[in-house]
Amino acid sequence: MMVCMWRVWRRGSAFSARFRGGDWSLCSSLCLYSTKAVPFMPGMEYQDAVCTLNTLQTNASALEQVRRERSHPQQQLQAMESFLERAGLTVKELDHLNIIHVTGTKGKGSTCAFTEQILRSYGFRTGFYSSPHLVQVRERIRINGQPIGKELFTKYFWQVYGRLDETKDAHEGTMPAYFRFLTILAFHVFLQEKVDLAVIEVGIGGAYDCTNIIRRPWVCGISSLGIDHTQILGDTIEKIAWQKGGIFKPGVPAFTVRQPEEAMAVLKDRAVERRCSLSLCPDLGNYPSDCGPLRLGLAGQHQRPNASLALQLSHTWLQRRCLAGQVIPSFSVENSGTLEATAFTPSPIMVRGLADTEWPGRNQTLKHDTVTYFLDGAHTKRSMLACVNWFKETAAQHERKASGSVARVLLFNATGERDAAAMLKLLQPCHFDFAVFCPNITEAIPSCSADQQNFNVSVENMLTRCLDNERSWRLQNKSEDNIGALLIKDGLSLIPEKKAETMVFPCILSALQWITQGRDSVLADPAKKDLVVKPSIAAKASALCAAAEIHILVTGSLHLVGGALKHLDPTSSM
């Protein structure tokens, strides 16, 4: 999640000492919202609901639950069932949602988006639960492909929150943590809105993820596996595969894409252990089609396995729906000890569904006048490699159509335990003219949407991480320059004024405004106040001013991409 910033760092902190002499201060709670929950009263609005939701980020009992359950992960599902019942729901009720359950390291969200679009194209009323959100939290809960409205979110939020709040005294004051609450809320919304099916994306892992309270999904899927969230899932591909395979259910067909050999072996063992079939999806090019190669609405070659997985998931779901009460024949063939799913002929509706799929923030291109934005939330080495391949190909296409010279700019941030240095190394061959770094802070103003608050990381830590990322980029470029200061007027410069290819800004808006140099009318909105940069930094924009077009790759974090979209697509905040 993003946060807004109105002061930069607190006087006396170790970080501010590095910039002593500047007029800076930091605070970790930047928007003026209380972290104390308030009881619901008639007339309370969407932002009141989101502010109360955000208290579950900092609720002491919720955080203690998380710490305790990391040592005893099996307790997570027990706790989830208890919270579900306190909210007035039962695990048995979830069986009526006709769920498609999807996990993976890379591509699980895109797989869900393809699957949901295909089944919606058939006329089914779909529910879709995903994470994280880019701009507004209600994006996580979608009906028929659209985020639920603010009024609907507010109504259902208070129904669930009220029931949990009323029962907390009888349960040692416990309330569910943020993601757990949203999962319960999604189930409640889908049941109340009477969806025909729900596509559920796992949060982290699978076996002990709170979505795995689902007992009887109709079909399960596992997208590409890799190393991520190692503190929770383990530090080897085998350990991660074991966690992911935890979503398998007895008698429920499961599908996966091609995996590393070690991961595939674990998934096969998990399928045997969980008494379910596991089928390997064919390459997308193997599906017969009467209309030529299948066209995907999501860009990038790495989306092809996700689309194949989505075809198998939706096909299997449709079989069960259309053959209710009958024995569903197997559409897999035995091949060297594995089940290989058949490359059936997709129906015209499936073909259209794949082509119509949209999934913001993933391989997304936005063109504003002479500025083109390439947005991708890649945050692992494997996903960054896919992002680089997509960007190089797509940017080259745009450059061939450009009216003159093009300036390439990287806008990057990475959070948590991500290996930023490894991702930056993969980005080097893109030959950027500037590498710009900023935290996931949307803008430097005293008020912002509560959707973008995050109380779990301090601004000091975020800014320190940006400086570390800048240093890493410089080292990889074999630059002898020292790290730069944050580039706002009256800040203390740590290095002599000289040419630099890298810079750090304190928020997303200031970075975008400097990069675009007034060329993007959306960012030139008078409501978006410019931060005044030092003259020396303003002078370094000469290459940007001279270029006929500016191409900007925004990557490294979905939250960074979401913060950028908040400014670049005003409709996303409506």
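This section describes the fold, the nonpolar cores, the strand pairing and some local backbone features of a predicted model.

The chain holds 574 residues, and 57% of them are buried. Its secondary structure comprises 20 helices and 16 strands. Among contacts between residues at least 6 apart in sequence, 78% join residues at least 24 apart. The chain exposes about 23,600 Å², of which carbon and sulfur atoms supply 51%.

In soluble globular proteins, nonpolar side chains tend to be buried together. The largest nonpolar core in the model has 44 residues, and the members that touch the most others are Leu-53, Leu-97, Phe-153, Phe-181, Leu-185, Phe-187 and Phe-190. Two or more residues each come from the helices α2 (46-58), α4 (74-86), α5 (91-94), α7 (150-167) and α8 (178-192), and from the strands β3 (141-143) and β5 (197-201). Helix α8 gives the most to this core, with 10 residues. Apart from neighbours within four places in sequence, Leu-53 is in contact with Val-137, Phe-153, Phe-157, Tyr-178, Phe-181 and Leu-182. A second core, separate from this one, has 40 residues, including Tyr-373, Ile-537, Ala-547 and Leu-558.

Strand β2 (residues 126-129) is covered on both faces, with Thr-126 and Phe-128 buried on one side and Gly-127 and Tyr-129 buried on the other. It pairs with two strands that also contribute to the largest core: with β5 in the parallel sense over 4 bridges, and with β3 in the antiparallel sense over 3 bridges; the contributions of β3 and β5 to the core were noted above. Phe-128 has Val-199 of β5 as its bridge partner, while Tyr-129 has Ile-141 of β3. The relative accessibility of Tyr-129 is 1%, so this residue counts as buried. Beyond four places in sequence, the contacts of Tyr-129 are Arg-140, Ile-141, Phe-179, Leu-182, Thr-183, Ala-186, Phe-190, Val-199, Ile-200, Glu-201 and Thr-211. Between Tyr-129 and Pro-147, which are 18 residues apart in sequence, the C-alpha to C-alpha distance is 9.7 Å.

Another sheet is formed by 6 strands; it is open, has mixed pairing and follows the order β11-β12-β16-β13-β14-β15. The edge strands are β11 (364-368) and β15 (502-504); each has a single partner strand, so one side of each is left without a neighbour in the sheet. Neighbouring strands are turned by 20° against each other on average, with direction ignored. Within the sheet, β13 (residues 406-412) and β16 (residues 549-555) run parallel and are joined by 7 bridges. In one of these pairs, Leu-410 is matched with Leu-553 of β16. Helix α15 (residues 420-427) packs on the sheet, where it touches β13, β14 (434-437) and β16, and its direction makes about 170° with that of β13. Helix α16 (residues 459-476) also packs on the sheet; it touches β13, β14 and β15, and its direction makes about 175° with that of β15.

Helix α10 (residues 237-244) has Ile-237, Ile-240, Ala-241, Gln-243 and Lys-244 buried. Viewed down the axis of α10, these buried residues fall within an arc of 160°, so they line one face of the helix. The loop between α10 and β7 (254-256) contains Pro-250, which is partly exposed at a relative accessible area of 47%. Pro-250 is in contact with Arg-274 and Arg-275, leaving aside neighbours within four places in sequence. The C-alpha atoms of Pro-250 and Cys-276 are separated by 5.1 Å, although the two residues are 26 apart along the chain.

Most residues other than glycine have a negative phi, and most peptide bonds are trans. The peptide bond from Ser-131 to Pro-132 is cis, with omega near -5°, and Pro-132 lies in the loop between β2 and β3. Glu-172 is not a glycine, yet its phi is positive, near 55°. This residue lies in the loop between α7 and α8 and is exposed, with a relative accessible area of 76%. His-431 likewise has a positive phi, of about 55°. His-431 belongs to the loop between α15 and β14, and its relative accessible area of 64% makes it exposed.

How values were computed:
Residues numbered from 1 in each chain as written. Predicted model: local features only at pLDDT ≥ 70, side-chain atom pairs only at ≥ 80, totals over all residues. Heavy atoms only, no water. Core = buried A, V, L, I, M, F, W, Y, C linked by side-chain atoms within 4.5 Å. Buried < 20%, exposed > 50% of the residue type's maximum accessible area, 1.4 Å probe, protein only. Contact = heavy atoms within 4.5 Å. Areas by Shrake-Rupley, 256 points an atom, 1.4 Å probe, with all protein chains shown as cover. Arc of directions from axis to C-beta. Pairing = 2+ DSSP bridges. Axes fitted to C-alpha atoms, helices over the stretch in contact; angles between N-to-C directions.
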